[in-house]
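Student: I would like a close look at a single part of this model, with the rest brought in as context. Please keep the answer connected.

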Amino acid sequence: MKYSDKSLLDRYIPITDWSKDYQFSYFKKDLRAGLTVGILLIPQSMAYAMLAGLPPVYGLYASIVPLLIYAIFGTSRQLGVGPVAIVSILVATGVGNIVETGSTRYIQLVLALTLLVGITQFLMGVFRLGFLMNFISKPVLSGFTSAAAFIIGFSQAGNLFGLDLVRSKYIYSVIADLISHLAHIHWPTFIIGASTIVFILVLKKWNPSIPAQLIAVIVSIFLVWAFQLDQIGVETVGSVEKGYPAPVLPNLSEFPFWELLPTVLAIAFLSYTQSIALAKAMVRRNPDYKVDSNQELFSIGLSNMVGSVFHAFPVAGSFSRTAVNDQNKAQTSISLLISALLVLLTVLLLTPLIYYLPQTVLAAIIITAVPSLVEVGEAKFLWKIRKREFILMMITFLATLALGILEGIGIGVLISLGIVIHRSSYPNIVMLGRLPDTEHYRDLERHPEGLTQTNTIIVRIDASLYFANIPYMKEKLEQLEIESGKNLEQVIIDAIGINKVDSSALHALKELTEEYNNRDIDVIFAGVKGPVRDLFKRSGLENIIGPEQFYLNINRAVDSLKDEEEEPSHLVEDQE
């Protein structure tokens with residue numbers, strides 16, 4: 001069944017759609033996937049909560065209700081929703097600049113921030129604004145993610161080495177402070193953390209299916225408890241309130257809205273962008289269902305909105321947990337519900353054990369996730385096929401490292417928009433010639449053997465026309481006329497690539513036609529699309545050009561010319 005043919009209930013609450021055909025064979029796979037992801041989620045969520053500047057137990061809170069909400073309203077059946085590193089570092093960067101990390105006021109602001117992120121995403125989904133994500137290009141995201149990986153890694157240096165380091169959005173400040181404190185490393189803490197990193201990396205290499213992170217957490221808790229390592233300076237998570245705290249609506253009355261607006265927008269955009277990219281990747285691997293971009297905005301937004309009431313910080317789709325979910329053949333989002341149930345049981349029954357969990361182990365878990373965020377492969381790919389986009393990636397990367405998380409992504413987005421504007425302002429406009437012994441017309445720069453008419457040039461415009469690219473279009477036509485060296489009698493415009501024209505373009509085309517007519521040059525259009533032709537009629541442009549000067553394609557336009565003599569092209573190569 002097509003997505004558009006579904007009932008409103010099935011479209012906006014997808015669980016009511018796929019649950020009709022749910023089978024027991026699906027449940028066995030969902031159960032295995034849900035338990036596996038849940039085991040991975042428990043240590044990861046606590047680590048990412050610490051990365052966000054929150055007590056680790058808040059990572060567990062963020063892995064219960066948001067998963068439940070997404071399972072009901074989300075369209076992806078394999079997406080692993082929950083705390084992620086990028087969002088956590090954005091939270092710490094944004095809110096940490098206003099109040100002291102980990103304080104009661106800090107927690108209140110993070111929960112309020114989560115609510116506003118959810119509202120932003122929810123409203124974008126309601127008004128079907130998912131297309132806005134297209135303005136964040138892949139090179140920008142790659143540069144930002146790679147730089148953020150380094151910031152994330154160095155943000156945990158203090159916990160790894162047992163040092164009290166400066167908290168700063170500038171990575172060079174953290175590195176300088178680390179170097180100045182190297183003589184004061186707390187060796188028991190560092191040995192535990194470094195051993196955990198080695199253990200996780202080796203175990204992942206040997207057998208990725210083994211929950212290395214959970215094993216590291218359990219073993220470290222036992223070692224700290226058995227040898228009372230907390231008594232010799234190994235920092236632990238400490239006391240955690242038993243049970244699940246009562247839901248509370250975040251207080252927005254004292255929220256510093258304008259100060260945190262960039263953080264709200266950055267998290268809303270990035271968490272959705274990461275989630276939808278993963279969701280679409282899963283659909284390519286599981287083509288038996290469809291993902292709706294706007295419904296994903298709606299569901300992620302609702303997950304954050306409701307989650308904030310239940311003490312969750314912002315969530316998104318996770319690369320690692322989505323991959324594990326898919327590898328374990330999850331069939332539906334029932335697997336998310338099982339993961340959430342496993343985390344809930346941990347919160348209700350196992351929080352006393354968390355007291356002995358060393359913070360250096362959580363730091364190690366975060367650090368082992370860093371290499372997967374550095375997109376070296378994408379950098380090599382861009383260098384090979386598109387150096388301008390490689391430069392864009394590097395600018396975003398360096399700006400993020402030098403100026404900070406929010407500033408870096410902001411600069412990358414602005415440059416992306418600049419590139420979009422530049423490209424649309426300078427569309428591809430080429431002169432065409434007929435390939436010998438065919439009826440096909442191609443760009444003469446690529447096919448210099450193409451044949452042209454004696455007193456005619458044929459020009460193809462590969463873009464919609466609007467106020468920003470009209471000046472370039474006129475300049476390009478003048479340039480092509482000069483390069484042709486012809487005594488023009490006709491100009492044929494292949495309009496097959498023109499999808500839209502605005503009022504400025506209509507005025508410009510009128511002026512251009514009149515200028516050509518004053519020089520006794522006929523303007524002929526070929527392949528004009530219906531909606532564009534309608535605008536030509538309503539604006540009076542068709543009468544100025546002449547209704548008889550419109551043809552379905554270039555061949556018919558050329559056949560209409562009196563002079564059908566063709567000559568080899570001697571077009572001067574365009575240097576632009």
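Which residue forms a salt bridge with E378, and how many Å apart are the closest N and O atoms?

Tutor: The partner of E378 is K138, and the closest N and O atoms of this salt bridge are 4.0 Å apart. The model is predicted, and what follows is computed from it. E378 lies in helix α19 and K138 in helix α8, so the salt bridge ties together parts of the chain that are 240 residues apart in sequence. The two residues differ in cover. E378 counts as buried, at 17% relative accessibility, because the limit for buried is under 20%. K138 is partly exposed, with a relative accessible area of 43%.

K138 has a further partner. E375 also forms a salt bridge with K138, and here the closest N and O atoms are 3.0 Å apart. E375 sits in the loop between α18 (359-369) and α19 (376-385), whereas K138 belongs to helix α8 (residues 138-155); the two are 237 residues apart. At a relative accessible area of 22%, E375 is partly exposed. K138, E375 and E378 are thus linked in a network of salt bridges. The general background is that side chains of opposite charge can pair when their charged atoms come close.

Helix α8, which carries K138, deserves a word of its own. The end C-alpha atoms of α8 are 25 Å apart, which agrees with the 26 Å that its 18 residues should span at 1.5 Å a residue. Of those 18 residues, 14 are buried, so α8 is mostly covered. K138, as noted, is partly exposed.

The count of salt bridges in the model comes to eight. One of the others is formed by the side chains of R423 and E389, with 3.6 Å from N to O. This pair likewise links distant parts of the chain: R423 is in helix α21 (residues 405-425) and E389 in helix α20 (residues 387-403), 34 residues apart. R423 is partly exposed at 39% relative accessibility, and E389 is partly exposed at 22%.

From charged pairs to nonpolar packing: the largest nonpolar core has 100 residues, and L54 and I152 touch the most other members. Helix α7 (residues 104-126) gives the most to this core, with nine residues. Setting aside neighbours within four places in sequence, L54 is in contact with A49, Y106, I107, V110 and F313. There is also a second, separate core of 33 residues, with I470, A495, A505 and I545 among its members.

Another helix for reference is α16 (residues 334-349). Its 16 residues reach 23 Å from first C-alpha to last, close to the 22 Å expected at 1.5 Å a residue. The buried residues of α16 include I334, L336, I338, V343 and V347, along with S335, S339, A340 and T346. In an α-helix, with 3.6 residues a turn, residues three or four places apart point the same way.

The strands can be illustrated by β3. Strand β3 (residues 429-434) is mostly covered, with six of its six residues buried. Both of its faces are covered: I429, M431 and G433 are buried on one side, and V430, L432 and R434 on the other. β3 pairs with strand β6 (residues 456-461) in the antiparallel sense over four bridges, and V459 in β6 is the bridge partner of M431. Three bridges join β3 to strand β4 (residues 441-443), again in an antiparallel arrangement, with D443 in β4 as the bridge partner of L432. The hairpin of β3 and β4 has six residues between the strands, and D437 in this hairpin takes a positive phi near 65°.

Finally, the setting as a whole. The protein chain has 26 helices and 10 strands, and its C-alpha atoms fill a box of roughly 100 × 60 × 50 Å along the principal axes. Of its 576 residues, 53% are buried. Among contacts between residues at least 6 apart in sequence, 82% join residues at least 24 apart. The accessible surface comes to about 26,800 Å², and 61% of that belongs to carbon and sulfur atoms. To return to the part in question, K138 in helix α8 and E378 in helix α19 form a pair 240 residues apart, and E375 is linked with them in the network.

Methods
Residues numbered from 1 in each chain as written. Predicted model: local features only at pLDDT ≥ 70, side-chain atom pairs only at ≥ 80, totals over all residues. Heavy atoms only, no water. Expected span 1.5 Å × (residues − 1). Buried < 20%, exposed > 50% of the residue type's maximum accessible area, 1.4 Å probe, protein only. Pairing = 2+ DSSP bridges. Core = buried A, V, L, I, M, F, W, Y, C linked by side-chain atoms within 4.5 Å. Contact = heavy atoms within 4.5 Å. Areas by Shrake-Rupley, 256 points an atom, 1.4 Å probe, with all protein chains shown as cover.
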